[in-house]
Amino acid sequence: MSIDKTEKRIIIASMLLMGLFVFSILYAKSKYKSDLPGCLPYDKAYTEPKINKLDDHTYQVFAVAQMWLFQPSEIYIPVGSEVDFFLTSKDVVHGFNIAKKNINMTAIYGSINKTTVKFDKPGVYDIVCHEYCGTGHQNMHSKVIVNYPEAR
Ligand code: CUA
């Protein structure tokens with residue numbers, strides 16, 4: 001059995017390319033400390049929108065997406081806060097994109113997605129739905145307001 005030379009080269013080139021892809025993912029994960037969103041067992045408790053303050057700089061946000069809004073719609077936190085977002089949807093699939101934070105999650109009915117975000121700089125971080133979900137899609141947004149103690 002013999003392999004054509006060209007075929008052999010292509011196989012080697014594809015393997016190198018795959019290796020490069022895997023390396024890039026691992027490199028990005030360590031260099032940018034990007035945390036891949038996790039998936040938790042479904043629990044009805046997460047379908048109630050709320051903000052839990054665990055301590056001065058640690059918060060939990062139960063974010064609920066539905067046609068066509070996010071709740072809570074405004075999240076006030078102090079600078080330097082770490083926020084665990086638990087995300088679910090009450091109906092169809094929605095997107096959950098936090099501008100300037102490289103966070104891109106999907107809200108799915110019957111499922112809880114979780115990610116942790118640190119907000120080191122003051123500012124308003126818009127959250128938008130980036131998954132087409134019907135006629136009100138473009139109106140779906142909320143925001144994280146990081147400017148404590150000025151606000152409230
Ligand atoms: Cu929700 Cu688009």
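A polar contact is a pair of N or O atoms within 3.5 Å; within protein, one atom must be able to donate a hydrogen and the other to accept it. The model examined here is predicted. In this model, a polar atom of the Ser-89 side chain lies 2.6 Å from the backbone oxygen of Val-92. That distance falls within the 3.5 Å cut-off. The Ser-89 side chain also reaches the backbone nitrogen of Asp-91, with a polar atom 3.0 Å away. Ser-89 belongs to strand 6, which covers residues 81-89.

Ser-89 is buried. Its relative accessible area is 2%, and the term applies because the limit for buried is under 20%. Contacts beyond the neighbours within four places in sequence were also listed for Ser-89. They comprise Ala-65, His-94, Ala-107, Ile-108, Tyr-109 and Gly-110.

Aromatic pairs were examined next. The structure holds 7 of them. One is formed by Phe-62 and Phe-86. Their ring centres lie 5.4 Å apart, and the planes meet at 75 degrees. The arrangement is edge-to-face. Phe-62 sits in strand 3 (residues 58-66) and Phe-86 in strand 6, so the pair ties together parts that are 24 residues apart in sequence. Both partners are under the 20% limit and therefore count as buried: Phe-62 has a relative accessible area of 8%, and Phe-86 one of 6%.

A second edge-to-face pair joins Phe-70 and Phe-96. Here the centres are 5.6 Å apart and the planes 85 degrees apart. This pair links distant parts of the chain. Phe-70 is in strand 4 (residues 69-71), whereas Phe-96 is in strand 7 (residues 94-98). The two residues are 26 positions apart. Both Phe-70 and Phe-96 are buried. Ring pairs also build a cluster, made up of Tyr-46, Phe-62 and Phe-86. Phe-62 and Phe-86 thus appear both as an edge-to-face pair and as members of this cluster.

Charged side chains were then considered. Side chains of opposite charge can pair when their charged atoms come close. The structure holds 2 salt bridges. In one, the side chains of Lys-53 and Asp-56 meet at 3.5 Å, N to O. Both Lys-53 and Asp-56 are exposed. In the other, Lys-118 meets Asp-120 through their side chains at 4.0 Å, N to O. Lys-118 is partly exposed, with a relative accessible area of 41%. Asp-120 is likewise partly exposed, at 47%. These two values earn that label because they lie between the 20% and 50% limits.

Another lysine, Lys-44, lies in the loop between strand 1 (38-40) and strand 2 (50-55). Lys-44 has a relative accessibility of 64%. It is classed as exposed because the limit is over 50%. Lys-44 and Ile-112 are separated by 68 residues in sequence. In space, their C-alpha atoms are 9.7 Å apart.

The surface also carries a nonpolar patch. Leu-17, Met-18, Leu-20, Phe-21, Phe-23 and Tyr-27 form this patch. Together these residues have about 640 Å² of accessible area. One member, Met-18, lies in helix 1, which spans residues 5-31.

How values were computed. Residues numbered from 1 in each chain as written. Predicted model: local features only at pLDDT ≥ 70, side-chain atom pairs only at ≥ 80, totals over all residues. Heavy atoms only, no water. Patch = residues over 30% accessible without salt bridge, like charges linked within 9 Å, V, L, I, M, F, W, Y side chains within 5 Å. Areas by Shrake-Rupley, 256 points an atom, 1.4 Å probe, with all protein chains shown as cover. Helix = DSSP H or I, 4+ residues; strand = E, 2+ residues; numbered from the N terminus. Buried < 20%, exposed > 50% of the residue type's maximum accessible area, 1.4 Å probe, protein only. Contact = heavy atoms within 4.5 Å. Phe/Tyr/Trp six-rings, centres within 6.5 Å; stacked < 30°, edge-to-face > 60°.
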